[in-house]
Amino acid sequence: MRIAPDWAADADLVVIGSGVAGLTAAIDAAALGLRVVVVTKATAGDGNTRWAQGGVAVVLPGEHEPGDSLAAHVADTLTAGAGLCEADVVASILADGPAAVAEIRGAGAVFDTGADGRLARTKEGGHSAFRVVHAGGDATGAEVERALLVAARDRRITVLDNHIAVEALRTSAGAVAGVAVLDGVGTPGVLRAPAVLLATGGVGQLYQVTSNPDVATADGLALALRAGAVLADVEFVQFHPTVLYTGQDARGRCALITEAVRGEGAVLVDARGTRVMHGVHPLADLAPRDVVSAAVSRRMAQTGTDHVFLDATHLGRSAFRTRFPTVFAACAEAGIDPAAQPIPVAPAAHFLCGGVVCTVDGRSSVTGLYAAGEVARTGLHGANRLASNSLVEGMVMGGRVARAVAADLAAGRLGDPALAEPILSLAAPVADRDVLQRTMSRYAGIGRNADGLAAAARALDRSTVVRALRTRRIVEDAALTVVAEALLAVAACRTESRGCHVRIDYPGRNDGLWRRSIPVRLDAGGRPMLFDAPALGGAA
């Protein structure tokens, strides 16, 4: 049985996702004369970008802390990445940060300034200097997104709201030729194009509690896998150490308490008022996120509690509300006065550090398939993301992908959409979402071991049935299922602790064996297959 689309349209570039990377690519591609269509599951403003609180990590010429430099920013990124960053990639992307910030300011984004009129800067976890510029206090992502949406409207870029990408169209030679989509009521359609950009964000909904919105369901990773692309570093899921704790029954997206609050002097304490990070790391409360999250988890286990506290009472109400209006509002909604009492916090799933393997221009291993933002694995982040490198990555990589697509089109390197092969009826293994989230939270969060990872794989397998991909919910659940399977397989294979991947049965870091990424693709049966990795206990 073949899918009979109810409609079809043509473009040069289909952008899947409307966050900073996707919108930047769409705007820049349109400026280069390309026909662009943006596909988004909800509305254009409902992605992860709007929730980015901290800011943009960048060393601006003439506006940086004395002694700070691009080299120092690169060094901090490499340290946070725990040996798996690619140094040339880090330097390349961060070097383009100042131009990207200038471009978004030119598009109308307004950043906070200090008394001297220069951009205000703060310090976040893992940074050796005050180099994070911000907007609206703690609403940087929302301001960046606002400016990009205005620019996209000015460019009259076509945006398909409430559509989900299901499958890449491909030619007989394997090149991308467009994408099949479903609208909000399950009506199928086809967008024919020689280039498709995945800018779909991350995997937060793999877990019961996350800082991510409900659209973060790993769709882009699953689409890439089914198109034949390679993923890497998917075992490295970063848990943010300070997400607002609202009780044991909390589910889905919970409010983020930006680490910029710690940059302004707040400290983590347990229920007895004892400092959590004292003696743990030279940077104490501003250590890299993986270090802080692991320390918080250990303290919770030691004290038999399910949260700790972030004490920011030294700031005072007026200063806190002015500097962190988003956090203040979230606390107030939960009945917490951060000026008078410590904020209850706990780690929650935040960022994926890996993704679709691609070049610094966003090209994947599949002709015509590109990736940018959180869905991409360029080599920038390694085993752990440095705070506030994400927005600058999205801005830089979005522009690079636009230029790469234009160059590839001009050079005749891409496939012909007219040669797209028919899509057969789509079906995929789908696990029950509640079972999947509970399983991943229990066995594949902070602190993993062989028995737990094996138990998780069995639990997923028992709850999985093959279903036709006819609704958004089923497409999302199928994506979560295949990406969870891939994550569990790689996490079981990596028998060490590194960055965000903490194995309690292998607590040490093993550079001799594991200072490298583990690639994964789908085998002929549609199951995740690891390659280029040591065969340990049949895991690879």
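In what order do the three strands of the open sheet stand, and is their pairing parallel or antiparallel? Select E4, E5 and E6 to find out: the order is E4-E6-E5, and the pairing is antiparallel. Keep in mind as you click around that this is a predicted model.

**Stop 1: the little sheet**

Look at the edges of the sheet, where you'll find E4 and strand E5 (121–122). Each of these two has a single partner strand, so one side of each is left without a neighbour in the sheet. Now zoom in on E4 and strand E6 (residues 132–133), which are joined by two bridges. To see one end of a bridge, pick Ala57; its bridge partner in E6 is Val132. If you're wondering what holds such strands together, strands of a sheet pair through backbone hydrogen bonds.

**Stop 2: helix H4**

Keep E4 visible and add helix H4, residues 97–106. Which residues of H4 are buried? Color Gly97, Pro98, Ala100, Val101 and Ile104, and you have them. They sit on the same side of H4, because they cover an arc of only 160° around the axis. Turn to the other side of H4 and you'll meet Ala99 and Gly106, which are exposed.

What covers the buried residues? Strand E4 (56–57) from your first stop is part of the cover, which also includes helix H3 (87–95), helix H5 (140–154) and helix H11 (390–410). Before moving on, step just past the end of H4 to Gly108, which takes a positive phi of about 115°.

**Stop 3: two loop residues with positive phi**

Follow H5 into the loop that leads to strand E7 (158–160), and select Arg156 there. Its phi is near 55°, a positive value in a residue other than glycine. Arg156 is exposed, with a relative accessible area of 77%.

Next, hop to the loop between E7 and strand E8 (163–170), where Asn162 is waiting. Asn162 also isn't a glycine, and its phi is positive too, near 55°. This residue is partly exposed, at 42% relative accessible area.

**Stop 4: the nonpolar cores**

Time to go inside. In soluble globular proteins, nonpolar side chains tend to be buried together. Here the largest nonpolar core has 62 residues, and those with the most contacts inside it are Val14, Leu198, Leu206, Tyr207, Leu221, Val356 and Leu369. Show helix H14 (residues 472–493) as well, since H14 gives the most to this core, with 11 residues.

Center the view on Leu369. Leaving aside residues up to four places away in sequence, Leu369 touches several others, including Val176, Val196, Leu198, Ala224 and Arg363. Apart from the largest core lies another one of 54 residues, among them Val15, Ala100, Met397 and Val401. You've met Ala100 already, as one of the buried residues of H4.

**Stop 5: the cysteines**

How many disulfides does the count come to? Zero. Select Cys254 to see one reason why: its sulfur is 13 Å from the closest cysteine sulfur, in Cys331, which is too far for a bond. Cys254 is buried, with a relative accessible area of 8%. Cys358 is in a similar spot: its closest cysteine sulfur, in Cys85, is 14 Å away, too far for a bond. Cys358 counts as buried, at 8% relative accessibility.

**Last stop: how far to trust the picture**

Color the chain by pLDDT. The mean for the protein chain is 92, and 96% of its residues reach 70 or more. Then select residues 534–540, where pLDDT stays under 50. The model has 16 contacts beyond four places in sequence for this stretch. Where pLDDT is low, the predicted coordinates should not be read in detail.

Conventions: Residues are numbered from 1 along each chain as its sequence is written. This is a predicted model: local features need pLDDT of at least 70, side-chain atom pairs count only at pLDDT 80 or more; totals for chains, interfaces and linings use all residues. Side-chain values use heavy atoms; hydrogens and water are left out. Buried means under 20% relative accessible area, exposed over 50%, partly exposed in between (1.4 Å probe, protein chains only). Helices (H or I, at least four residues) and strands (E, at least two) are DSSP runs, numbered from the N terminus. The arc is that of the directions from the helix axis to the C-beta atoms. Contact means heavy atoms within 4.5 Å. Two strands pair if DSSP finds at least two bridges between them. A disulfide is a pair of cysteine sulfur atoms within 2.5 Å. pLDDT is the predictor's confidence in each residue, from 0 to 100. A nonpolar core is a set of buried Ala, Val, Leu, Ile, Met, Phe, Trp, Tyr and Cys residues joined through side-chain atoms within 4.5 Å.
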